[in-house]
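Colleague: Please take a close look at one strand and describe what surrounds it. I would like a connected account that a first-year student can follow.

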Amino acid sequence: MAIALFGGTFNPVHNGHLRIATELAELLPVSELRMMPCGIPPHRHKKVVPALQRMEMLQIGIGHDNPTLTVEDIELQRTTPSYSIDTVTLMRENLGPSVPLFLCLGMDALASINSWNRWEQLLNFCHIAVSSRPGFSAPKKGPLFEWINQHSCADLSKLGSSPAGHIYFCDLTMLAVSSTIIRDNIKRGDSIRYMAPDSVVDYIQQHRLYE
Ligand code: ATP
């Protein structure tokens, strides 16, 4: 019953998120991929819509009949900033010591992971699955390069049979859509149709978000 966590602000969720989450769930040796909205994003100072609405959009975007994608609200239960190390520590407590746990990140996040709170301890609690993002590459030297080199593993069966400790690089389809593009389109009065599921587009219009 291995689990993958795919964190984000999801302000709002879009087809790029849902497509990559689906590909990750198929690729990784997991039975479930949980999309995890952050409560108070530690690295962002922009105004985001309330957590409850971001979560509702995720839930309706995923749909009710999806056997693999679910929503994890663990970061919404805290009032402090959502540090990944706290999240994976708590997830590990809930899952027990032997269930494989994957934290899914984009290459943009990996490239600056050494600025995260207690980043060196993350692999004590989970594996890290990194998806490529155009314009970003893994560091070529320095302590972060050494850390990545030391823990990198391309053998999925090894990852599926150990609870934590490895970094896996995935080459997945990145759609040319972002939450920023969606918010900007809405502000300009342009359509966002087909950038996110129709149910999410309808929700945004109904609640007059991002106007
Ligand atoms: P914003 O435009 O507000 O910065 P975003 O679209 O990048 O938001 P986030 O919620 O910050 O979305 O992203 C959550 C995760 O989804 C990150 O790991 C990010 O790399 C990944 N992601 C974002 N957009 C895409 C996309 N189009 N395809 C694949 N992955 C994406």
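Modeller: Two strands count as paired if DSSP finds at least two bridges between them. In this predicted model, strand E2 (residues 32-37) meets that condition on the side of strand E3 (residues 69-71), since three bridges join the two, and they run parallel. Leu 33 of E2 has Leu 69 as its bridge partner in E3. E2 is also joined to strand E1 (residues 3-8), here by six bridges, and this pair runs parallel as well. Leu 33 appears again in this pairing, standing opposite Ala 4.

Next, the faces of E2. Glu 32, Arg 34 and Met 36 lie on one side, Leu 33, Met 35 and Pro 37 on the other, and all are buried. In total, six of the six residues of E2 are buried, so the strand is mostly covered, where buried means under 20% relative accessible area.

The link from E1 to E2 comes next. Together with helix H1 (residues 15-27), the two strands form a right-handed β-α-β unit. H1 has 13 residues, which at 1.5 Å a residue should span 18 Å; its end C-alpha atoms are 18 Å apart, so the two values agree. The buried residues of H1 include Leu 18, Ala 21 and Ala 25. An α-helix has 3.6 residues a turn, so residues three or four places apart point the same way.

Beyond E3, the loop that leads to helix H3 (84-95) holds Glu 75. Glu 75 is buried but has no salt bridge, as Arg 78, the nearest side chain of opposite charge, is 4.3 Å away. The side chain of Glu 75 does make a polar contact of 2.5 Å with that of Thr 87.

Definitions and conventions. Residues numbered from 1 in each chain as written. Predicted model: local features only at pLDDT ≥ 70, side-chain atom pairs only at ≥ 80, totals over all residues. Heavy atoms only, no water. Buried < 20%, exposed > 50% of the residue type's maximum accessible area, 1.4 Å probe, protein only. Helix = DSSP H or I, 4+ residues; strand = E, 2+ residues; numbered from the N terminus. Right-handed = clockwise from strand over helix to strand, strands pointing away. Expected span 1.5 Å × (residues − 1). Lys, Arg positive; Asp, Glu negative; His and termini not counted. Salt bridge = Lys/Arg side-chain N within 4 Å of Asp/Glu carboxyl O. Polar contact = N/O pair within 3.5 Å; in protein donor to acceptor, adjacent residues only side chain to side chain.
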